[in-house]
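Okay, hi everyone, thanks for letting me go today. Have a look at the screen while I talk you through it.

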Amino acid sequence: MASTMKMFSGPQLALFRPTCLSTTFTASPLSRCFSTTSPALDWLTPKFMETSKSPKGRPHVATGGSSRGTTVVWGDYGLRMKDHDRRLPASSLKIAEETIKRRLRGMNYTLYKRVSANIGVYTKGNEQRMGKGKGKFDYWTAKVGVSRIVFELKGDVHEKVAREAFRLAGHKLPGLWEFCKKGDPPVVGLTKLGNGVTLESLKRPRRSPALGTANMSTPPSSTSSSPSASQ
C-alpha cells in the first residue's frame, strides 16, 4: 500500500486533485440586469386599490361654464356622450375598444382613451338587512359627464371609416353618442358654442328685468314705518 502511495505522490498526485477554474466575468458598461421601462398601465384597472370605498355619487356636471373634455385634443375624430352623465362599466369600455380595433384592423392608426375606470362599485346580495357596510367589490367603473369625449382616433383613416367604427362602439356602450371632429366648438352642458352662442351669453340671466327698473342705477330706498319714525 505504501508503494502504491509513493507512485502517486508528488506532482503526479496533483493530476487527480479537483482544480477550480477561475472565470472572470466582465460586464459591459451598457448592459443592465434590470429594466427601467415602466410597465404599461391598464386604463380599465387602477394601479392601486381604493383605500376607502367610493360612494355612488353622480358625475360632475360643469355648471360654471367649463367646457373641459368636450373637444378633440390629440386625435382627428372623437366619440362624445350626448344625453346625460352616467357610470360606464370597465367591461363595456373594453368591448367598445375591441369593436373599434376589429373594425380598423390592418390600418395605421392610434386610439386614445380619455377616461379611466378608477371608481369601484360594491354590491350586496338580495334581501339583505340595512347596514353592515356597502358590500363586497364587484367591478370598476368610470364616471363620465355629459358631452365628455371617451375615445379619440388619429391616423391614416378615412372619416367615413372612423364614423362607422365609432357608431359600432356607441352601440356597445350605454346611452347616446355622437361623432365629432377636431376643430368642432366646445360644449357647455348640452349647449354647443358657436353660431352666435357664446359663453357670455350663456352666463347672462335669462329673466328680463322688471318694467321701469331697466335704467335704474340703484334700487329705491325703502321707507321706514316704525312708530318711532312716525312720532
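So, here's a starter: are E178 and R80 buried or exposed? E178 is buried, and R80 is buried too. Buried here means under 20% relative accessible area, exposed means over 50%, and partly exposed is in between, using a 1.4 Å probe and counting protein chains only.

A quick word on where this comes from. It's a predicted model, where local features need pLDDT of at least 70 and side-chain atom pairs count only at pLDDT 80 or more, while totals for chains, interfaces and linings use all residues. Residues are numbered from 1 along each chain as its sequence is written, and side-chain values use heavy atoms, with hydrogens and water left out.

Now the overall layout. The chain has 5 helices and 9 strands; those are DSSP runs numbered from the N terminus, with H or I and at least four residues for a helix, and E and at least two for a strand. Going along the sequence, the pattern reads α-β-β-α-β-β-β-β-α-β-β-β-α-α. There are 231 residues in the chain, and 26% of them count as buried.

Let's zoom in on strand β6, residues 149-155. 5 of its 7 residues are buried, so it's mostly covered. Strand β1, residues 77-81, runs antiparallel to β6, with 4 bridges joining them. Two strands count as paired if DSSP finds at least two bridges between them. One spot to find is G78, whose bridge partner in β6 is E152. Then there's strand β3, residues 109-113, which pairs with β6 over 5 bridges, also in the antiparallel sense. Over there, L111 has L153 in β6 as its bridge partner.

Next, salt bridges. The search of the whole structure turns up 9 of them, each being a side-chain nitrogen of Lys or Arg within 4 Å of a carboxyl oxygen of Asp or Glu. Remember our buried pair? The side chains of E178 and R80 form a salt bridge at 3.0 Å, N to O. Because E178 sits in strand β7 (residues 177-181) and R80 in strand β1, this pair ties together parts that are 98 residues apart in sequence.

Helix α3, residues 159-172, has some too. E159 and R163 meet in a salt bridge at 2.9 Å, N to O, and they're 4 residues apart in the helix, so about one helical turn separates them. E159 is partly exposed at 26% relative accessibility, and R163 is partly exposed at 39%. In that helix, R167 and E164 also form a salt bridge, at 2.7 Å, N to O. These two are 3 residues apart, so again that's about one helical turn. And there's a network: salt bridges with shared partners join R80, E178 and K192.

Last stop, strand β5, residues 136-144, where we find K143. K143 counts as partly exposed because its relative accessibility is 30%. D138 lies in β5 as well, and at 40% relative accessible area D138 is partly exposed. What separates the C-alpha atoms of D138 and Y122? The answer is 5.3 Å, with the two residues 16 apart along the chain.

That's my tour, so feel free to rotate the model and find these spots yourselves.
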